[in-house]
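Thank you all for coming; I would like to take you slowly through one structure today, and I will try to say where each statement leads before moving on. Please have a look at the picture first.

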Amino acid sequence: MNNLWLIAKHEYRGTVFKRAFILMTLAIPLGLAAVIALTIFVVTSGENNLPVGYVDQAGVLNATRQSLAPTPTGIEIRAFPDEETALAALEGEEIQAFFVLPSNYPNTLQTDLYYLQEPPSNDVWGDFDNFVRANLVASYPDEMRKRLIEGPNITVHDIVSKREFSERSIVNVILPFVASFFFFVATMSASGYMLQVVATEKENRTMEIMVTSVTPGQLIGGKTVGLLAAALTQLSIYVIAAVVGLIVAAPHVEALQQVTVPWAYLGVMGLFFIPSYALIAAVMVAVGAAVTKVQEAQQVAGLLNMLFILPILMTVVIIQNPGHPLAVFLSLFPTTAFLTISMRWGLGTVPLWQIGIGWVLLIVTTIFMVWAAARVFRAGMLRYGQPLNLKAAVAVIRGD
Amino acid sequence: MHTVEVSHLSKRFGDTQAVADVSFAVEPGEIFGLLGPNGAGKTTTIRMMLDIFRPDAGTVSIFGGQLDLAKKRRIGYMPEDRGLYKDLKLEPTLIYLATLKGLDAKTAHSRLDEWLERFDLAEHRQKKVQELSGGMQQKAQIIATLLHDPDLIVADEPFAALDPVNTRLVKQILEEQRQAGKSILMSTHQMYQVEALCDRIVLIDEGRTVLYGAVDEIKRSFAGNAVVIEGQGDFTDIPGVLEARKHNDTWHLALQVGTDPQAVFRTLAARENVKIERFELEEPSLDDIFVNVVQNGAANPSAVSGATLRTRLEARHE
C-alpha cells in the first residue's frame, strides 16, 4: 500500500508541476474570463445611451405612463409631435432612433422604426415594447395590468425526480452544460496523462525495474490515483474560478442571482465520474502498454477518444431533443454515458431508469476493462521493439 | 538455503521456445555467472526468476520460497534494457527508486551521497538523466541497483558501456558485495570478467542448461582440449583443430571435441618443415570452452553429453 502512495505522489508531483499542465489548468479559466471581459467590453463600449423617440399617430401612447413599464436599460423614451421633428432630432444626434405608430396601429399592430446607422439594441427595443404594452393595458385594474406586463413564467415540476424547471432560471439550465464540459476536459486530460506516463515508462525502459520493486497492481493503481488527484486539482481550480466568477458577476447580472447549487446534479456526476475516469484510464493503460512509442500511443488514443467525445459532436441533437433515441442510447453507452447525462441534465429530466442502467453498464464495462488492461499491460510492458497489435491483445485478454 | 533455486524452467512465446529446461542454484556469498550466446534464453530466465514472466513449467525459489513484495525489496536488479526517468533529475530519481524498495528517504539520501561520491557523480546530481553520458547513466543504474543494500544482486551485462577505470570500480564493488555475504547473479558475454569474478557458472544454449558448476572444475574438465606449442613451422590446417592462434612465439591450438592431442602431435611430427620445441596440454580459457560447447554442442573433451557433465558437476557441488 505504501508503494501505491509513493507512486501516486510521484505521478501527482510529476504532473502538476509540468508546464503543460499548469498552462492547461490556468488557460481555460483565464481564457473564459478574457472572453467574457472582452464581450462585456465590446457590448458596453458600443452601448448607445441616447434617448429613443416615438411619434404616436394612433394616439395610444401617453408619455406619463413610462413609469408603469419596466425599462431595464433606463433609456429615456421621448415623444415627438411629428416625423419631421423626430427626424431632425435623429439627425441632430439627440436620439438614437424613433418609432412611428401609424394611425391604423390598433388594427395592424405595425410600427415603423427610423435610425441612421445602427438599429437600437434588443434591450432598447424591449424597453419600448414594455412601454407600448403598459399603455395598451393602462385601463385595466392594477393587478391585471401588472400580470399582463410581466407575462407568463411557467415552472415545470417533474413528479418523478422532484426537479423544477423555470424559464427565469436559465442559468441553472446552462450550468450543467458548462460543468459537463469542465468535467470532460479534466477527465480527458487526466487520461491523456495516464497514456503518456505508461508509454513514457515503457519508452524509458523503467518498466522492468518498477515491476521488480512493486506489484503491477501497485504500479497502475498508484499512477491512476496520482493522475486522478491531478485531475481533481485541475477541476477544483475550475470550480473555484467559476464560483469566484459568479460571486463577482452576480451583483451585475440579474440572471446569475438565480443560481442555486445543483446538488442532485453533482451527486449523479459524482457517481459517474470515478468509474468513467477508471474506464478511460484502463483503456489508456492498455494502449500505453501495447505500443512502443509515446507518439504511437497518442495516435491510437486520438481514435479511441472519439468514443468518449461523441456526445460533444452530437450537441445539436441533444439540445434540440434531449429525449431523442440517439441521446438515450448515448446515455446508456458506457463511454458516453457520463457526458450525455451531464449535458441532458439541464435540458430536462433524464429518466431514473436511464441513469440506473447507464451506471450499471458503465460499472460492468469498467471492471472488465480494468481486468483486460491488466492482462494487456503485463503482456505488453516489456515489448520494446514490436507493438502488441489488436489481434495479439485480444488473444492476451482471452488468455490464449 | 540457496539464495536462488531455479528448477527445470521452461517458457514458450508463440512458436518460439525461449527456455526449454534450465536449472541452477545461487548461493550466499558467491558471484554466479549466467552465460550463453545471444538468444540462448538468459534474459527470459532472469525475468522468470524475478516474476516478470510466469514460466510455463518449472519452479523458482528465492530466499527459500516464492517471490513476494518483501523479498523483492531484498533484490537489486540491473536489467539488460537500462532505464531511468530521462526527464527527471538524477538525485530524486534514485531516491524515488530506493524508497520503492522500502528505504526511508533520509537513509536513502545519506547513502546516495556516498555512492555518488564513489562513482564521481556528485556534481551531476541535479542534472536531468538525459543530460548524462551513457557511461554516467550506467553508473547511475548501478547505484539504483545497490542503494537499498540488497541481499541478491541480479546484473545483466554490468560492464556494458563502462570505461576501464569504472569497470575496475564495478568489479571491486562486486567483490565487496560478495565478501559481505551477498549473492550476485551476473549475466555477461565478457568471459575474462567471468573468469576473474565468478565462483560458479551456468551455460545455457538454446534454452537448456549445457554446463553448470564451479569455474575451476569446469576448466580442469576441459583441459586437454587445447595445446600450447613452441617451435618453428606451420601449425595451421591440422585435422581436429578448431582454431590455431599465434601469440608472440607461442601457438595456441583449440581442439575439436574428441580430438586426441597425441594425434595432433603425431600429425605435426610427421610434417617435414616443422620443428617442435615445446608441446603441452593447456587449461582452456572460459572463452574457448564457451565457443567449443556452443559451436560443437559438447560439454567436455571426452564428448560426454552436457547432461552427464552437468549431473557430475552438480553432484560435486552438492
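I will go through chain A, then the place where the two chains touch, and then chain B.

Before we begin, please keep in mind that what you see is a predicted model.

Let me start with a sheet in chain A, which is open and has 4 strands in the order β2-β1-β3-β4, with mixed pairing. The strands at its edges are β2, residues 77–80, and β4, residues 112–115, and each of these pairs on one side only. From one strand to the next, the twist averages 25 degrees. For those who are new to sheets, strands pair through backbone hydrogen bonds, and they can do so either parallel or antiparallel. Which sense do we find for β1 and β2 of chain A? These two strands run parallel, and 4 bridges join β1, residues 52–56, to β2. If you would like one pair of residues to look for on your screen, take A:Val55, whose bridge partner in β2(A) is A:Phe80.

There is also a helix to place against this sheet, namely α5 of chain A, residues 122–136, which lies across β1, β2 and β3 of chain A and runs at about 65 degrees to β2(A).

Staying with the helices of chain A, I would like to turn to α10, residues 263–290, and α15, residues 352–380, whose axes come within 8 Å and cross at roughly 25 degrees. Angles under 35 degrees count as roughly parallel, and that is why we describe α10(A) as roughly parallel to α15(A). The crossing in which α10(A) passes α15(A) is left-handed. As for the residues that make up the contact of these two helices, they divide into 22 nonpolar, 4 polar and no charged.

Now, is helix α14 of chain A enclosed or not by the rest of the structure? This helix covers residues 337–345, and because 9 of its 9 residues are buried, it is largely enclosed by the rest of the structure. Among the buried residues of α14(A) you will find A:Phe338, A:Leu339 and A:Trp345, but also A:Thr340, A:Ser342 and A:Arg344.

Let us move to the place where the chains meet, where 15 residues of chain A are in contact with 18 residues of chain B. On the side of chain A that touches chain B, helices α1, residues 2–16, and α8, residues 207–211, each supply at least two residues. Sorted by class, this side of chain A has 6 nonpolar, 7 polar and 2 charged residues.

That brings us to chain B and to an open sheet of 4 strands there, with the order β11-β12-β10-β13 and antiparallel pairing. At the edges stand β11, residues 241–247, and β13, residues 275–281, and since each has a single partner strand, one side of each is left without a neighbour in the sheet. Neighbouring strands of this sheet are turned against each other by 20 degrees on average, if we ignore direction.

How many bridges do we count between β11(B) and β12(B)? The answer is 6, and the two strands pair in the antiparallel sense, with β12 covering residues 250–255. Within this pair, B:Val241 has B:Leu255 as its bridge partner, while B:Arg245 stands opposite B:His252. The hairpin of β11(B) and β12(B) has 2 residues between the strands, and B:Asn248 in this hairpin takes a positive phi near 55 degrees. Across the sheet lies helix α9 of chain B, residues 261–269, which covers β10, β11, β12 and β13 and runs at about 175 degrees to β13(B).

A positive phi also turns up elsewhere in chain B. B:His8, in strand β1, residues 4–13, has a phi near 50 degrees, a positive value in a residue other than glycine, and B:His8 counts as partly exposed because it has 14 C-beta neighbours inside 10 Å. B:Glu206, which is not a glycine either, has a positive phi of about 50 degrees, and this residue lies in the loop between β8 and β9 of chain B. With 16 other C-beta atoms within 10 Å, B:Glu206 is partly exposed.

My last residue is B:Glu176, in helix α6 of chain B, residues 164–179. B:Glu176 counts as exposed, because it has 10 C-beta neighbours inside 10 Å. From B:Glu176 to B:Gly29 the distance is 10.0 Å, C-alpha to C-alpha, although the two are 147 residues apart in sequence.

Definitions and conventions:
Residues are numbered from 1 along each chain as its sequence is written. Chains are lettered from A and ligands numbered from 1 in the order in which they are written. This is a predicted model: local features need pLDDT of at least 70, side-chain atom pairs count only at pLDDT 80 or more; totals for chains, interfaces and linings use all residues. Two strands pair if DSSP finds at least two bridges between them. Axes are lines fitted to C-alpha atoms, for helices over the stretch in contact, and angles run from 0 to 180 degrees between N-to-C directions. Two residues are in contact if their C-beta atoms, placed from the backbone, lie within 7 Å. A residue is buried if 20 or more other C-beta atoms lie within 10 Å of its own, exposed if 12 or fewer, and partly exposed in between; C-beta atoms are placed from the backbone. Ala, Val, Leu, Ile, Met, Phe, Trp, Tyr, Cys and Pro count as nonpolar, Asp, Glu, Lys and Arg as charged, and the others, Gly among them, as polar. Angles under 35 degrees count as roughly parallel, over 145 as roughly antiparallel, 65 to 115 as roughly perpendicular and the rest as oblique. A crossing is left-handed if the near helix is turned anticlockwise from the far one by less than a right angle, and right-handed if clockwise.
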